[in-house]
Amino acid sequence: MGMVVHCDCELTAVEDRRLHFTARVYDDVTEIAAATHERYIVDNERFTRKANSKLTAQS
């Protein structure tokens, strides 16, 4: 209690639309957590077009 916590995040790889991140979390004394995370870049127009085509196919 009473310690400051901070997080260092780094983009470690880019594979086409896939982004890989690593994160490390520290308190005032030591590292307390580590994680990896993936995100994707989404083309909004393409996504919307595909979603709308599914809606019209249901009707």
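Here are three short exercises on the chain shown above, which is a predicted model.

**Exercise 1. Fold and spread**

Work out which secondary-structure elements the chain has, in what order they come, and how its radius of gyration sits against the globule rule.

Solution. Start by counting elements: you get three strands and one helix. Next, walk along the sequence, and the pattern reads β-β-β-α. Now bring in the radius of gyration, which is 19 Å. The globule rule gives 10 Å for 59 residues, and 19 Å is well over that, so the chain is more spread out than a compact globule. To put dimensions on it, the C-alpha trace spans about 60 × 25 × 15 Å along its principal axes.

**Exercise 2. Burial, contacts and surface**

Find what share of the 59 residues counts as buried, then look at the contacts and the surface.

Solution. Take burial to mean under 20% relative accessible area; 7% of the residues pass. For contacts, keep those with a separation of 6 or more: residues 24 or more positions apart make up 11% of them. The accessible surface is about 5,300 Å², with 53% belonging to carbon and sulfur atoms. As for charge, there are 10 negative and 8 positive side chains, and the centres of these two sets are 15 Å apart.

**Exercise 3. A backbone angle**

Place Asp16 in the chain and decide: is Asp16 buried or exposed?

Solution. First, locate Asp16: it's in the loop joining strand 1 (6-15) and strand 2 (18-26). Then check the backbone: phi of Asp16 is near 60°, a positive value in a residue that isn't glycine. Last, compare accessibility with the cut-off: exposed means over 50%, and Asp16 has a relative accessible area of 71%, so Asp16 is exposed.

Key. Residues are numbered from 1 along each chain as its sequence is written. This is a predicted model: local features need pLDDT of at least 70, side-chain atom pairs count only at pLDDT 80 or more; totals for chains, interfaces and linings use all residues. Side-chain values use heavy atoms; hydrogens and water are left out. Helices (H or I, at least four residues) and strands (E, at least two) are DSSP runs, numbered from the N terminus. The radius of gyration is taken over C-alpha atoms; the globule rule is 2.2 Å times the number of residues to the power 0.38. Buried means under 20% relative accessible area, exposed over 50%, partly exposed in between (1.4 Å probe, protein chains only). Contact means heavy atoms within 4.5 Å. Accessible areas come from the Shrake-Rupley method with a 1.4 Å probe; for residues, only the protein chains shown count as cover. Lys and Arg count as positive and Asp and Glu as negative; His and the chain ends are not counted. The place of a charge is taken as NZ of Lys, CZ of Arg, CG of Asp or CD of Glu.
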